[in-house]
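Please open the structure in your viewer and keep the selection panel at hand. The stops below go from strand pairs to sheets, then to helix contacts and a ligand.

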Amino acid sequence: MYAVELDNVNVYIEGKHILKNITLRVPYNTIYVIMGPSGSGKTTILRVINRLIELNPNAKIDGSVKVLGYDAFKIDPYDLRKHIGMVFQIPNPFPHMTIYDNVAIAARINRVARKREELDEIVRWALEKAMLWDEVKDRLRSYPHVLSGGQKQRLCLARALAMKPKILLLDEPTANIDPVNARKIEEAISALKEEITIIMVTHSPHQAARVADHVAMIYSGSIIEQGPVSQVFLNPKTDFTAKFLKGEV
Ligand SMILES: Nc1ncnc2c1ncn2[C@@H]1O[C@H](COP(=O)(O)OP(=O)(O)O)[C@@H](O)[C@H]1O
Ligand SMILES: [Mg+2]
């Protein structure tokens, strides 16, 4: 069984064919990286998995999506999203909530914790897992504007983790932050796969090489190649993948 399984998924937006026969299988407790150039459909794949795509009335989807072994289209989307955390490309902490509450709210909503001591514990756990605890433990009552961009993104990672999701979707989480913070996030997610299945989108082959177990190469809405990271990087099957890995596209 797989954590996430897509079979022949097609997405059309305003009649345009955006995802073409996407088939992919994500084993539990691995980091599965979807890489490809801008506009190739990476974000759309993530939005299919958590069904955010359906918020667009002009989107039409067909094919099969299974999450944790269940047909995603037969689960209430709110329940589905309780199992699937997401971190977006631009850090988006809630500006009017303290650092503590940004993380605690996720645990409250998902009923992971309710009592004060339980919440304190999970907030600390999530911030530690996101490798942010030491930098914020003395200012949990401050607001996110005191943080750098990279710290804000790690706060978003902590917020996603506090829901105790089984699956974590990361949409180019380091594209807008500095390299030092990017490495911290990579380190954090590499340690997390023992507990969570991670699907990460990136346009950076270097990042894919550093963190991925499996990679899928997407081009113009199609997966043109996928496999274990070593196989795809050492022996790419398509010219496009070879060029992408060399940074030529
Ligand atoms: N809401 C939308 N309306 C119209 N076109 C969209 C919408 N979302 C995505 N697209 C189109 O779908 C294609 C794939 O987009 P996306 O999944 O965001 O690519 P990526 O994340 O790889 O950059 C692009 O051509 C984009 O313009
Ligand atoms: Mg995108």
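Begin by selecting Ile 167, which stands opposite Thr 197 in S8. Before going further, note that this is a predicted model, in which local features need pLDDT of at least 70 and side-chain atom pairs count only at pLDDT 80 or more, while totals for chains, interfaces and linings use all residues. Residues are numbered from 1 along each chain as its sequence is written, and chains are lettered from A and ligands numbered from 1 in the order in which they are written.

Widen the selection to strand S7 (residues 167-171) and strand S8 (residues 197-202), which run parallel and are joined by five bridges. Strands here are DSSP runs of E with at least two residues, and helices are runs of H or I with at least four, numbered from the N terminus; two strands pair if DSSP finds at least two bridges between them.

Now show the whole sheet around them, an open one of six strands in the order S6-S7-S8-S3-S9-S10, with mixed pairing. Strand S6 (84-87) and S10 stand at its edges with a single partner strand each, so one side of each has no neighbour in the sheet. On average, and with direction ignored, neighbouring strands of this sheet are turned by 15° against each other.

At the S10 edge, select strand S9 (residues 214-219) together with strand S10 (residues 222-228), an antiparallel pair with six bridges. Within this pair Met 217 stands opposite Glu 225 in S10. The hairpin has two residues between the strands, and Ser 220 takes a positive phi near 50° there.

Next, colour H6, which lies across S6 and S7 and runs at about 175° to S6; axes are lines fitted to C-alpha atoms, for helices over the stretch in contact, and angles run from 0 to 180 degrees between N-to-C directions.

Add the helix partners of H6. Helix H6 (residues 149-162) packs with helix H7 (residues 179-192) at an angle of about 20°, their axes being 9 Å apart, and H6 and H7 are therefore roughly parallel to each other, a label for angles under 35 degrees (over 145 is roughly antiparallel, 65 to 115 roughly perpendicular and the rest oblique). In this contact Gly 150, Gln 153, Arg 154 and Leu 157 of H6 meet Asn 181, Lys 184, Ile 185 and Ala 188 of H7, where contact requires C-beta atoms, placed from the backbone, within 7 Å. These residues divide into three nonpolar, three polar and two charged; Ala, Val, Leu, Ile, Met, Phe, Trp, Tyr, Cys and Pro count as nonpolar, Asp, Glu, Lys and Arg as charged, and the others, Gly among them, as polar.

Helix H3 (residues 99-109) also packs with H6, at an angle of about 25° and with the axes 7 Å apart. Select Ile 99, Asn 102, Val 103, Ala 106 and Ala 107 in H3, which meet Leu 155, Ala 158, Arg 159 and Ala 162 in H6. By class, this contact has seven nonpolar residues, one polar and one charged.

Move to the other sheet, an open one of four strands ordered S2-S1-S4-S5 with antiparallel pairing. Its edge strands are strand S2 (16-26) and strand S5 (70-71), each pairing on one side only. Seven bridges join strand S1 (residues 4-13) to S2, and Tyr 12 has His 17 as its bridge partner in S2.

Finish at ligand 1, whose surrounding residues include Ile 13, Glu 14, Ile 18, Lys 42, Thr 43 and Asn 56, each with its C-beta atom, placed from the backbone, within 6 Å of the ligand. Helix H1 (residues 42-49) supplies the largest share of this shell, three residues, and the shell divides into two nonpolar, eight polar and two charged residues.

Notes. Contact = placed C-beta atoms within 7 Å.
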